[in-house]
Amino acid sequence: MKFFVDTAVVDEIRELYDYGLLDGVTTNPSLIAKSGRDFKEVIAEICTLVDGPVSAEVAATDFAGMVAEGEHLAKIAANVVIKLPLTLDGLKACRHFTNKGIKTNVTLCFSANQALLAAKAGASYISPFIGRLDDLNLDGMELIAEIREIYDNYGFETEILAASIRTANHVKDAAMVGADVATIPPAVIKGLARHVLTDKGLEQFTKDWAATGQTIL
Ligand code: E4P
């Protein structure tokens, strides 16, 4: 499973990229607002750090506006992926960009039928939002599993990008049901490495090694 980081904070992206854990980045208007940065400037900076896909979301909600904004964003760097909302206009814009060879990420997906439409529109990625469904006592992971089955039934190449991930268990469960990608907040990615028994074991090994009085170098 590929890991994208869900943030527009460049220092967080740099740190994770340096660990070798990142395959790409996703942003959205809320994350851009939170970063306090200029949108196009921060996308350009992220694209100089990361050579994988970097999702940049349009702000317009009508077809013509999405096309104009998306074409502008696509010029920032070759790895910019145009993020479009899952509306009829967004799907039409998706088809437009796919026909031009520009990658797309169709976002705000909350049902299997929406995901089916995105695949038919030629989306490169579909982003089903797990956490926001779970917030409503619905089952975000069940949606990922349904989309996996539908895409496999018909050989759709659209990649399932599990989004709105809030916990380590979301990451594990998305991997188990076959999501192609997970976009994950930085703190959750770092948390995946932690285990109390790892910490305890390492503390003991360090203590025992010191007692030997030996050095390796
Ligand atoms: C990523 O592409 C999505 O915009 C993001 O994962 C949404 O996460 P949230 O529901 O925690 O805001």
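This is a short talk on the ligand site and the two largest pockets of one structure.

Before the details, please keep in mind that the model is predicted.

I'll start with the ligand. Which residues surround the ligand? Going up the numbering, they are Asp 6, Thr 26, Asn 28, Lys 83, Phe 129, Arg 132, Ala 163, Ser 164, Arg 166 and Thr 183. By class, this shell holds four charged residues, four polar ones and two nonpolar ones.

Three of these side chains have polar atoms placed against ligand oxygens. For Asp 6, a polar side-chain atom is 2.6 Å from an oxygen atom of the ligand. For Lys 83, the distance from a side-chain N or O atom to a ligand oxygen is 2.6 Å. For Asn 28, the corresponding distance is 2.7 Å. As for cover, the ligand taken alone exposes 350 Å², and the protein buries 85% of that area.

Next, the space itself. The ligand takes up the largest pocket, whose volume is about 410 Å³. The lining of this pocket comprises 24 residues, and the closest to the pocket centre are Asp 6, Thr 7, Asn 28, Leu 31 and Pro 185. Asp 6 and Asn 28 have already come up, since both belong to the residues that surround the ligand.

What is the make-up of that lining by class? The lining of the largest pocket has 10 polar, eight nonpolar and six charged residues. Two elements each supply at least two lining residues: helix H2, residues 29–35, and strand E5, residues 104–109. The most comes from H2, which gives four residues.

Now the second largest pocket. About 170 Å³ of space lies there. Its lining is made of Thr 27, Asn 28, Pro 29, Ile 32, Phe 39, Lys 40, Glu 57, Val 58, Ala 59, Glu 69, His 72 and Leu 73. Two or more of the lining residues come from each of H2, helix H3 at 39–49 and helix H4 at 63–74.

Which element gives the largest share here? That is H4, with three residues. By class, six residues of this lining are nonpolar, three are polar and three are charged.

One last point, on what links the two pockets. Asn 28 is among the residues closest to the centre of the largest pocket, and Asn 28 also lines the second largest pocket. Helix H2 likewise contributes to the lining of the largest pocket and to that of the second largest.

That is the end of the talk.

Notes:
Residues numbered from 1 in each chain as written. Predicted model: local features only at pLDDT ≥ 70, side-chain atom pairs only at ≥ 80, totals over all residues. Heavy atoms only, no water. Near = heavy atom within 4 Å. Polar contact = N/O pair within 3.5 Å; in protein donor to acceptor, adjacent residues only side chain to side chain. Areas by Shrake-Rupley, 256 points an atom, 1.4 Å probe, with all protein chains shown as cover. 1 Å grid on protein atoms, 1.4 Å probe; cavity = no way out; pocket = protein on both sides within 12 Å on 5 of 7 lines; lining within 4 Å. Sits in = over half its atoms within 2 Å of the grid points. Nonpolar A, V, L, I, M, F, W, Y, C, P; charged D, E, K, R; others polar. Points joined across faces, edges and corners; volume = space filled by probe spheres on them.
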